Amino acid sequence: MIIMIVLVVVAGAIGGAVNAMLSDNGFIFPKAETTVTGATIMRPGFLGNILTGSVAAVVSWGLYGPLSNQMIVGSSVTTTGGPLTGTGLTLASLVGAVIVGVGGARWLTSEVDKSLLKAAAVEAAARQSSDTISVRMAMSTPAETLDIARSMEAGNTHV
């Protein structure tokens, strides 16, 4: 089972690397962004994408793969012709818990994006308005929007 998990992790890591390449983050390392208010926002970078891809692949394999009903901890007892009894943890139950964790992490990522956009709004509000810049911001990722707002100078409408 360990060899299969390692292969699934590697395949998921490749998928995470491809996602990093296709996303707005590219192959940046994890880094912190500091806002005008002094708040710090962590960006996961390509390493976060690789980790997420690996975890997602293991979860999928654990839920739907051939060993999903494999008992990891505990034991089950069958009665003649009856249902399984006993307590234990199956592979599917274990990776199901991981997917709940991923959902929670996704919520956290959404909160980070919201913080980036809020910081960009605060930065931009202190500057002179520009239709050109507002269009660029509308078409940018949250991190790019913050960078655009930071690069704006008072009175500069050609950032």
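**Group meeting talk: cores, contacts and pairs in a predicted chain**

I will start with Glu 111, which at 27% relative accessibility counts as partly exposed, where buried means under 20% relative accessible area, exposed means over 50% and partly exposed lies in between, with a 1.4 Å probe and protein chains only. Before going on, I should say that this is a predicted model, in which local features need pLDDT of at least 70 and side-chain atom pairs count only at pLDDT 80 or more, while totals for chains, interfaces and linings use all residues. Residues are numbered from 1 along each chain as its sequence is written, and side-chain values use heavy atoms, with hydrogens and water left out.

Glu 111 forms a salt bridge with Lys 114, and the closest N and O atoms are 3.3 Å apart; the term stands for a side-chain nitrogen of Lys or Arg within 4 Å of a carboxyl oxygen of Asp or Glu. Because Glu 111 and Lys 114 are three residues apart in helix H3, about one helical turn separates them. Helices here are DSSP runs of H or I with at least four residues, strands are runs of E with at least two, and both are numbered from the N terminus.

By this rule the count of salt bridges comes to two, and the other partners to look at are Arg 150 and Asp 147, whose side chains meet at 4.0 Å, N to O. Both of these residues lie in helix H5, three residues apart, which is again about one turn of the helix. Arg 150 is partly exposed at 31% relative accessibility, and Asp 147 is also partly exposed, with a relative accessible area of 37%.

Now the chain as a whole. The secondary structure comes to five helices and six strands, and read along the sequence the pattern is α-β-β-α-β-β-β-β-α-α-α. Of the 159 residues in the chain, 26% are buried. The chain exposes about 9,900 Å², and carbon and sulfur atoms supply 66% of that area, with accessible areas taken from the Shrake-Rupley method with a 1.4 Å probe and, for residues, only the protein chains shown counting as cover. As for contacts, meaning heavy atoms within 4.5 Å, residues 24 or more positions apart account for 54% of those with a separation of 6 or more.

Which residues make up the largest nonpolar core? There are eleven of them, namely Ile 41, Leu 116, Ala 119, Ala 120, Ile 133, Met 137, Ala 143, Leu 146, Ile 148, Ala 149 and Met 152, a nonpolar core being a set of buried Ala, Val, Leu, Ile, Met, Phe, Trp, Tyr and Cys residues joined through side-chain atoms within 4.5 Å. Helix H3 (91–125), helix H4 (131–138) and helix H5 (142–151) each supply at least two residues of this core, and H5 gives the most, with four. A second, separate core has six residues, among them Val 8, Val 58, Val 59 and Trp 61.

Two residues help to follow the packing around the largest core. Leu 146, not counting residues up to four places away in sequence, touches Glu 33, Leu 116, Ala 119, Ala 120 and Glu 123. Ala 124, in helix H3, is partly exposed at 21% relative accessibility, and with the same kind of neighbours left out, that is, residues up to four places away in sequence, Ala 124 touches Met 137, Ala 149 and Met 152. The C-alpha atoms of Ala 124 and Met 137 are separated by 9.9 Å, and these residues are 13 residues apart along the chain.

Turning to helix H2 (residues 45–64), I would point to Ala 57, which is found there and which, leaving aside its neighbours within four places in sequence, is in contact with Val 8 and Gly 12. Between the C-alpha atoms of Ala 57 and Gly 15, 42 residues apart along the chain, the separation is 8.8 Å. Asn 49 is also found in helix H2. Is Asn 49 buried or exposed? Asn 49 is buried, with a relative accessible area of 14%, and its contacts, not counting residues up to four places away in sequence, are Gly 16, Asn 19 and Ala 20.Last comes the aromatic pair formed by Phe 29 and Phe 46, which is edge-to-face, at 5.2 Å centre to centre and 65° between the planes; rings of Phe, Tyr and Trp (its six-membered ring) pair if their centres lie within 6.5 Å, and planes under 30 degrees apart count as stacked, over 60 as edge-to-face and the rest as tilted. Phe 29 lies in the loop between helix H1 (2–22) and strand S1 (31–34) and Phe 46 in helix H2, so the pair ties together parts that are 17 residues apart in sequence. Phe 29 is exposed at 56% relative accessibility, whereas Phe 46 is buried at 15%.
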